[in-house]
Amino acid sequence: MRNGGKRLAAAVAGIALLMLAGCGEGDTASAPVTLNEREATLYQHSCKTCHEDAATGAPLTHNTAAWTPRLAKGEDALLESIVNGFNGMPPLGQCIECDGNDFMALTRFMAAPAPENAAGETAE
Ligand code: HEC
């Protein structure tokens, strides 16, 4: 699947959607979040390499204390950090296939507590 320029367009469309949907979502971080198969693959190939390695300085997956101040910025600001990069966080999180919805699903997954049956793993 090679659809070059459409990826960015998809990310931008995702941002617009998230801006519309962003209001009123305050407490999504308290329950474990699971990834679908596509998101799990994206996670394994990109976010995981840093967000499960404390040496990178990234807020670690399922470390809710580390994520609380991030979430407080609001999802729009987080998405902007992802798309444009933020200090050690590379632009697009090195995931060129991810769209805006993927980024926020992955962020919510990382910011949420671990699923009880598979700590740190992407339970179905
Ligand atoms: C090359 C390493 C690396 C990869 C790959 C990576 N991240 Fe990050 N990420 C970081 C680091 C380091 C930070 C902390 C940056 C800081 O606060 O200085 C971070 C921070 C973040 C933040 C918080 C930004 C903020 O404004 O506080 C979000 C959200 C995020 N990453 C999402 C993702 C997602 C989603 C992926 C996968 C698509 C991903 N990251 C992949 C290294 C990475």
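**Figure 1. The whole chain: six helices and zero strands.** In this predicted model, the secondary structure of the chain comes to six helices and zero strands. If you follow the sequence from start to end, the pattern reads α-α-α-α-α-α. The chain has 124 residues, and 28% of them count as buried. Among contacts with a separation of 6 or more, 74% join residues that are 24 or more positions apart.

**Figure 2. How confident is the prediction?** Averaged over the chain, the pLDDT is 83, and 70% of the residues score at least 70. Residues 20–28 are a stretch to read with this in mind: here the pLDDT is below 50. Beyond near neighbours in sequence, residues 20–28 have four contacts in the model.

**Figure 3. The shell around the ligand.** Which residues are the closest to the ligand? They are Cys47, Cys50, Asn87, Gly88 and Gly93, and the ligand is surrounded by 26 residues in total. Three elements give two or more residues to this shell: helix H3 (47–51), helix H5 (75–84) and helix H6 (100–111). The largest share comes from H3, with four residues. Sorted by chemistry, the shell holds 13 nonpolar residues, 11 polar ones and two charged ones.

**Figure 4. The largest nonpolar core.** This core has 21 residues, and the ones that touch the most other members are Tyr43, Phe103, Leu106, Phe109 and Met110. Helix H2 (37–45), H3, helix H4 (64–71), H5 and H6 are the elements that give two or more residues to the core. Which helix gives the most? That is H6, with seven residues. Take a moment with Phe109: not counting residues up to four places away in sequence, Phe109 touches Val33, Leu35 and Tyr43.

**Figure 5. Helix H6, seen on its own.** H6 has 12 residues. From its first C-alpha to its last, H6 reaches 16 Å, close to the 16 Å expected at 1.5 Å a residue. Is H6 enclosed or open? Of its 12 residues, 10 are buried, so H6 is largely enclosed by the rest of the structure. The buried residues are Gly100, Asp102, Phe103, Met104, Ala105, Leu106, Thr107, Phe109, Met110 and Ala111. A handy rule for looking at any such helix is that an α-helix has 3.6 residues a turn, so residues three or four places apart point the same way.

**Figure 6. Thr107 and its surroundings.** Thr107 lies in helix H6. Is Thr107 buried or exposed? Thr107 counts as buried because it has 24 C-beta neighbours inside 10 Å, and the cut-off for buried is 20 or more. Cys47 is 60 residues away from Thr107 along the chain, yet their C-alpha atoms are separated by 9.0 Å. Cys47 is also one of the residues closest to the ligand.

**Figure 7. Leu78 and Glu75, two residues of helix H5.** Leu78 has its place in helix H5, and Glu75 lies in helix H5 too. Leu78 counts as buried because there are 22 C-beta neighbours inside 10 Å. Leaving aside neighbours within four places in sequence, Leu78 is in contact with Arg70, Lys73 and Thr107. From C-alpha to C-alpha, Leu78 and Thr107 are 8.5 Å apart in space, while in sequence they are 29 residues apart. Glu75 is buried because 20 other C-beta atoms lie within 10 Å. The C-alpha atoms of Glu75 and Met104 are separated by 7.5 Å, and these two residues are 29 residues apart along the chain.

**Figure 8. Two loop residues with a positive phi.** Here is some background for this view. Most residues other than glycine have a negative phi. His62 is not a glycine, although its phi is positive, at about 70°. His62 lies in the loop between H3 and H4, and His62 is buried because 20 other C-beta atoms lie within 10 Å. Gln94 is not a glycine either, and its phi is positive, at about 60°. Where is Gln94 found? Gln94 sits in the loop between H5 and H6. Gln94 counts as partly exposed because it has 14 C-beta neighbours inside 10 Å, and that category lies between the cut-offs of 12 or fewer for exposed and 20 or more for buried.

Notes:
Residues are numbered from 1 along each chain as its sequence is written. This is a predicted model: local features need pLDDT of at least 70, side-chain atom pairs count only at pLDDT 80 or more; totals for chains, interfaces and linings use all residues. A residue is near a molecule or strand if its C-beta atom, placed from the backbone, lies within 6 Å of it. Ala, Val, Leu, Ile, Met, Phe, Trp, Tyr, Cys and Pro count as nonpolar, Asp, Glu, Lys and Arg as charged, and the others, Gly among them, as polar. A nonpolar core is a set of buried Ala, Val, Leu, Ile, Met, Phe, Trp, Tyr and Cys residues joined through C-beta atoms within 7 Å. Two residues are in contact if their C-beta atoms, placed from the backbone, lie within 7 Å. pLDDT is the predictor's confidence in each residue, from 0 to 100. The expected span of a helix is 1.5 Å times one less than its number of residues.
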